[in-house]
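Work through the exercises below with the model open. Try each task before reading its solution.

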Number of protein chains: 2
Amino acid sequence: MPEIVFLPSGKACSAASGTSLQEAAERAGVNIAFPCAGKGACGKCLVKIERGAVDFDDNGKLSWELLNEGFVLACRSRVGSGDAEILIPFSLSEEQGKFSDALARTGIDERLYPSAEDISPLAVCEKITVAAAEPLDGLGDFDRFSQAAKKRLGVESVDVPLEVLQRLPDALRQNGGQIYVWHTTGNNRAYIADIAAERPETEYGLAVDIGTTTVAVALVDCARAKIADTVTRYNEQLERGADVISRISYAKNPERVKELQSRVVSTINLSIGELCGRNGHIPHECIRNVTVAANTTMTQLFMGVNPQYIRLEPYTPAVMGVPCYSAGALGLSACPSALVWIAPNVGSYVGGDITAGLLCTDFAAGTDELCLFIDVGTNGEIVLGNDDFLLSCACSAGPAFEGGGIEMGMRASAGAIERVEIDPETHKAAYAVIGGGKPLGICGSGLISLVAELYRRGVIDQRGEMDRTGKFPQVAVNGKNARYYVVPPEEGNTGVYISENDIDNFIRAKAAIFSACVTMLNSVELDFDSVTKFYIAGGFGRYINIEKSQVLGLLPLLSEESFCHVGNSSLTGAFMALTSKKHRDKIEALASRITYIDLSTEPKYMDEYVAAMFIPHTDQKLFPA
Amino acid sequence: MPEIVFLPSGKACSAASGTSLQEAAERAGVNIAFPCAGKGACGKCLVKIERGAVDFDDNGKLSWELLNEGFVLACRSRVGSGDAEILIPFSLSEEQGKFSDALARTGIDERLYPSAEDISPLAVCEKITVAAAEPLDGLGDFDRFSQAAKKRLGVESVDVPLEVLQRLPDALRQNGGQIYVWHTTGNNRAYIADIAAERPETEYGLAVDIGTTTVAVALVDCARAKIADTVTRYNEQLERGADVISRISYAKNPERVKELQSRVVSTINLSIGELCGRNGHIPHECIRNVTVAANTTMTQLFMGVNPQYIRLEPYTPAVMGVPCYSAGALGLSACPSALVWIAPNVGSYVGGDITAGLLCTDFAAGTDELCLFIDVGTNGEIVLGNDDFLLSCACSAGPAFEGGGIEMGMRASAGAIERVEIDPETHKAAYAVIGGGKPLGICGSGLISLVAELYRRGVIDQRGEMDRTGKFPQVAVNGKNARYYVVPPEEGNTGVYISENDIDNFIRAKAAIFSACVTMLNSVELDFDSVTKFYIAGGFGRYINIEKSQVLGLLPLLSEESFCHVGNSSLTGAFMALTSKKHRDKIEALASRITYIDLSTEPKYMDEYVAAMFIPHTDQKLFPA
């Protein structure tokens with residue numbers, strides 16, 4: 001049987017001829033990302049045949065040089081008749097180490113922290129004194145505890161989960177009937193999330209942002225409303241599809257829903273382990289408050305709920321307002337009976353990450369002035385409004401801004417070109433690389449920078465077509481396609497380039513977002529002039545250059561001070577919801593006020609989209625020279 | 001390393017010299033019961049060295065002949081320097097096969113079945129019509145379902161467990177929004193135990209009686225209030241102690257509480273598997289109603305709650321009224337979110353088995369006439385009263401009636417002598433053996449029968465001392481102890497005998513029960529003449545001979561028709577509670593009315609006990625000749 005060795009790790013397996021490389025990699029315990037779930041569309045499972053050969057019928061969108069150089073897509077290739085050595089160029093695990101540093105910059109603005117009087121997590125701690133047992137008083141520990149808790153908390157009934165009851169007899173006797181109770185009380189009922197004979201010095205909680213690509217977990221000192229530490233790692237679901245649509249496709253049966261649920265829960269639990277470990281070995285069961293913000297699909301997959309109906313007419317999510325379930329039921333390694341609060345969704349493609357994110361904006365303050373909020377990833381989500389009205393919609397930007405669908409695109413990690421300037425004389429590109437090392441590809445901010453420079457220097461025209469006159473020696477033409485080399489190819493190196501196809505994908509992405517904003521404004525008979533604040537959320541917001549985005553018609557021509565980066569507002573919102581009931585109530589109130597618009601049914605959206613497929617725009621009034 | 005072979009199975013293991021036989025047996029996968037948890041007190045782990053030798057310092061209470069014949073206690077013996085073959089005379093697994101047949105006789109009186117109009121299990125099924133999703137109606141599946149359920153069930157709030165939510169999107173679409181809902185509704189809230197697009201033909205439920213020794217599970221056709229099938233098996237906790245006190249001793253840390261919980265849950269799940277399998281392969285998740293009745297210790301261990309405080313002053317159980325938890329939380333293989341109803345306890349040693357059992361008596365009917373209810377196992381539990389008052393107490397009878405603490409005692413299974421008559425001339429015993437085979441020991445009913453005959457024929461006197469004049473050739477004297485041979489010893493066979501020690505244990509047991517009844521009556525200034533009905537519950541009740549029990553002073557001299565066997569009233573009560581809210585309410589009402597008396601603090605109990613340590617009694621007025 002052929003022996004397949006994966007490099008650089010050297011992990012190997014024997015596999016029969018015809019076995020897919022995907023399967024062989026899994027068997028060898030090697031981590032290859034399959035973001036498009038094996039459709040050959042994303043090119044992210046690129047591997048290089050270093051020795052031997054593999055079989056394939058069709059290598060998807062792989063470019064001619066890469067094929068010539070021995071690259072194949074692992075998802076489309078099979079073990080051949082003999083041994084092979086296969087190099088995985090950028091493995092998820094390698095990238096991961098550098099990743100959390102990059103994300104660490106996405107901190108939370110201290111001014112957004114709740115004030116001391118607002119601090120009120122979901123489970124609050126109260127000391128209760130329970131009378132000692134008397135001989136033959138006809139009362140069990142549970143009865144005496146319930147009586148005392150009802151009286152102390154002023155409720156008619158008390159829910160005691162089994163895990164709490166199991167520890168009640170000991171806890172009641174450890175401190176002479178003095179017992180600390182973490183409870184969530186409302187509607188005349190108290191839910192007892194936990195009990196302990198001693199109160200810990202610090203009350204920790206977790207705020208979780210489940211992104212389609214990355215999962216950020218913040219360890220929060222609840223009593224002081226401070227983030228103690230944060231860990232961000234790739235969502236382990238990534239191997240089953242890069243975007244929500246691929247994940248939904250993958251989750252076609254209950255076993256796969258369970259698998260995706262396990263993957264995201266495992267991602268979070270790894271981060272919990274890391275956070276608890278490096279912050280004084282906090283026992284996981286002492287984490288008694290957890291909040292989660294995620295888009296609608298991620299919310300459903302985290303809860304193990306079939307997401308198919310999100311993308312089937314009439315596009316109905318399973319939950320808008322999400323009931324609280326226990327950490328134990330959800331599989332989180334925290335206090336098992338602690339309730340997990342999940343931010344509400346407002347539609348199939350506008351989820352809890354957006355409603356939580358609004359907390360970081362003037363929307364939450366109840367402003368009269370018109371605000372626009374965009375969160376751009378594979379999907380763009382937009383919220384428009386003020387204290388009078390709130391509209392939201394989602395548009396499919398495609399993965400260009402995250403480095404997807406771009407031949408040499410990559411995420412904003414080490415090796416990514418993040419900024420480009422093109423010399424007006426030589427037309428050579430100068431560039432900055434994340435981490436300072438060898439350039440390996442182009443990330444979202446690099447793409448915006450590069451396309452704007454190409455346009456400014458006349459390498460591309462308003463339609464994104466490259467100059468083929470030979471004026472630019474960096475442009476190489478092959479048949480219908482042309483490309484511009486940011487890093488020229490050298491021996492043993494393909495260089496780094498952008499192709500006309502890439503530019504086309506970029507223009508589609510920027511057009512989708514811009515036209516969505518215009519459509520939203522038009523629907524209430526307003527235009528960009530009315531917009532006072534333009535919030536940009538996500539890593540996208542942090543890294544893009546506003547002036548260059550305006551050159552390209554991605555962002556409107558508002559004054560620089562109108563734009564406001566709110567960073568990972570989903571995580572920030574989850575953090576704020578964790579520490580304060582006022583904020584949880586506010587998110588719920590905002591969510592209930594939002595009207596969700598389906599752009600695919602808005603007749604004018606397609607016209608606006610086509611008009612925006614131009615640099616900067618066909619409507620010159622929007623972008624006067 | 002010595003090789004240890006266990007017979008008759010031939011299972012073997014290698015074990016270092018000095019390894020305990022208990023450990024060697026576990027390693028070989030051989031089931032030996034250690035009811036006293038290795039104290040050498042009960043003699044139930046008797047094994048015979050067929051070849052080779054083992055080491056031991058002290059073999060507990062093992063008799064001289066048994067030691068001479070090569071018997072040792074597995075709990076007190078260690079692997080020696082060489083190989084050994086060890087015979088397990090009566091293994092739990094052998095006994096088990098015959099056991100459920102024996103228990104099958106303990107049926108439920110059909111007259112006790114709830115009438116059709118009373119049928120109301122905890123989770124009742126209702127069909128709900130949920131409106132179809134509309135585009136952009138702002139409602140998720142959960143929201144539409146909750147609205148419909150609140151309206152249909154007339155409640156303000158709806159609890160949907162995560163397992164139910166996970167299946168909601170599919171279930172709502174399978175039958176055009178028609179959905180069957182199993183709900184438990186009260187206090188303006190509906191708990192949704194399960195949902196399904198189709199309603200099954202039969203609704204099954206489970207009634208469970210967790211005894212210290214055996215666990216009985218009845219599969220119930222809830223809609224018709226009929227028991228479809230029953231399985232009884234030994235409680236797997238038996239290997240960790242025969243009685244509640246040994247179990248509590250064993251459960252000295254959380255890991256051991258978990259272990260005992262797993263053992264009893266595993267016992268129940270095995271029975272569920274058997275019942276579902278042989279009744280048309282019922283899917284376990286379609287079992288949406290479960291009720292459990294158990295003594296206080298068994299209740300706590302089933303729930304995984306530390307039972308230590310049951311036997312520490314002031315003897316407080318963890319729970320009197322037991323909140324409902326889900327089958328999933330308890331580990332039962334049934335519908336995971338189905339609620340399990342557990343019968344309430346009234347004291348440390350009077351538990352849900354007794355409160356459920358009272359449903360089978362006139363106590364439940366609200367009688368003016370004085371009733372006495374006894375359930376005799378290792379503990380005797382007694383309830384006295386009528387519609388005016390209810391008293392209960394427990395007394396420690398010791399395991400004599402279950403064949404424990406008796407040198408040749410055994411449970412009422414194949415090989416047990418269950419009835420004895422002694423010839424007035426030859427003084428030889430004629431006997432009946434369960435299963436009709438070779439006599440192996442004496443069970444509880446055999447013991448009563450035998451001791452009564454020994455007393456009647458003058459072999460023993462009123463103090464239980466054997467005649468040592470030589471008049472009875474069946475009596476063998478060795479030092480201070482004497483024994484009567486029911487089956488004479490032959491070559492290669494020790495025979496079956498009863499010793500003076502055994503008779504002493506028997507007298508203590510009967511005295512404990514009788515004096516408890518007298519003390520209860522005296523406490524309300526009544527006597528046996530006032531008792532109209534005398535209920536006897538448990539296997540004990542089914543097999544004892546009333547006339548012989550009266551000869552011995554175990555039962556009072558009431559007319560034969562005053563006595564009423566109620567069989568496994570705990571299982572019957574659980575069954576009735578399963579099918580009807582009226583019965584659940586009744587059990588709870590009875591439990592709340594019962595006053596629990598602690599005999600150890602009743603000054604007159606010890607006097608009564610000493611007075612009863614005589615055959616039939618020192619007070620001749622109670623048993624006139």
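**Exercise 1.** Find what the side chain of A:Asn345 meets at the backbone oxygen of A:Val319, then describe the setting of A:Asn345.

*Solution.* Step 1: take the pair. A polar atom of the A:Asn345 side chain lies 3.0 Å from the backbone oxygen of A:Val319. This is a predicted model, in which local features need pLDDT of at least 70, side-chain atom pairs count only at pLDDT 80 or more, and totals for chains, interfaces and linings use all residues. Side-chain values use heavy atoms, without hydrogens or water; residues are numbered from 1 along each chain as its sequence is written, chains are lettered from A and ligands numbered from 1 in the order in which they are written.

Step 2: place the residue. A:Asn345 sits in the loop between strand 15 (339–342) and helix 10 (352–357) of chain A. Helices (H or I, at least four residues) and strands (E, at least two) are DSSP runs, numbered from the N terminus.

Step 3: check exposure. A:Asn345 has a relative accessible area of 3%. That makes A:Asn345 buried (under 20% relative accessible area; exposed is over 50%, partly exposed in between; 1.4 Å probe, protein chains only).

Step 4: list the surroundings. Beyond neighbours within four places in sequence, the contacts of A:Asn345 include A:Ala294, A:Thr299, A:Val319 and A:Met320 (contact: heavy atoms within 4.5 Å). A:Ala294 is 51 residues away along the chain, yet its C-alpha is 8.6 Å from that of A:Asn345.

**Exercise 2.** Which operation superposes chain A on chain B?

*Solution.* Step 1: read the operation. It is a rotation of 180° with 0.0 Å of shift along its axis, at an RMSD of 0.2 Å (least squares on the C-alpha atoms of residues with pLDDT of at least 70 in both copies).

Step 2: name the relation. It is that of a two-fold axis.

Step 3: locate the axis. In chain A, the C-alpha of A:Ala329 is nearest to it, at 4.6 Å.

Step 4: compare the surfaces. The copies meet through the same surface, because 100% of the interface residues of chain A are also interface residues in chain B.

**Exercise 3.** Characterise the interface between chain A and chain B by area and by salt bridges.

*Solution.* Step 1: area. The two chains bury about 3300 Å² between them, 62% of it on carbon and sulfur atoms (accessible area, 1.4 Å probe, lost on being put together, summed over both).

Step 2: charge pairs. There are zero salt bridges between chain A and chain B (Lys or Arg side-chain nitrogen within 4 Å of an Asp or Glu carboxyl oxygen).

Step 3: elements. Helix 5 of chain A gives the most to the side touching chain B, with six residues.

Terms used: Polar contact = N/O pair within 3.5 Å; in protein donor to acceptor, adjacent residues only side chain to side chain.
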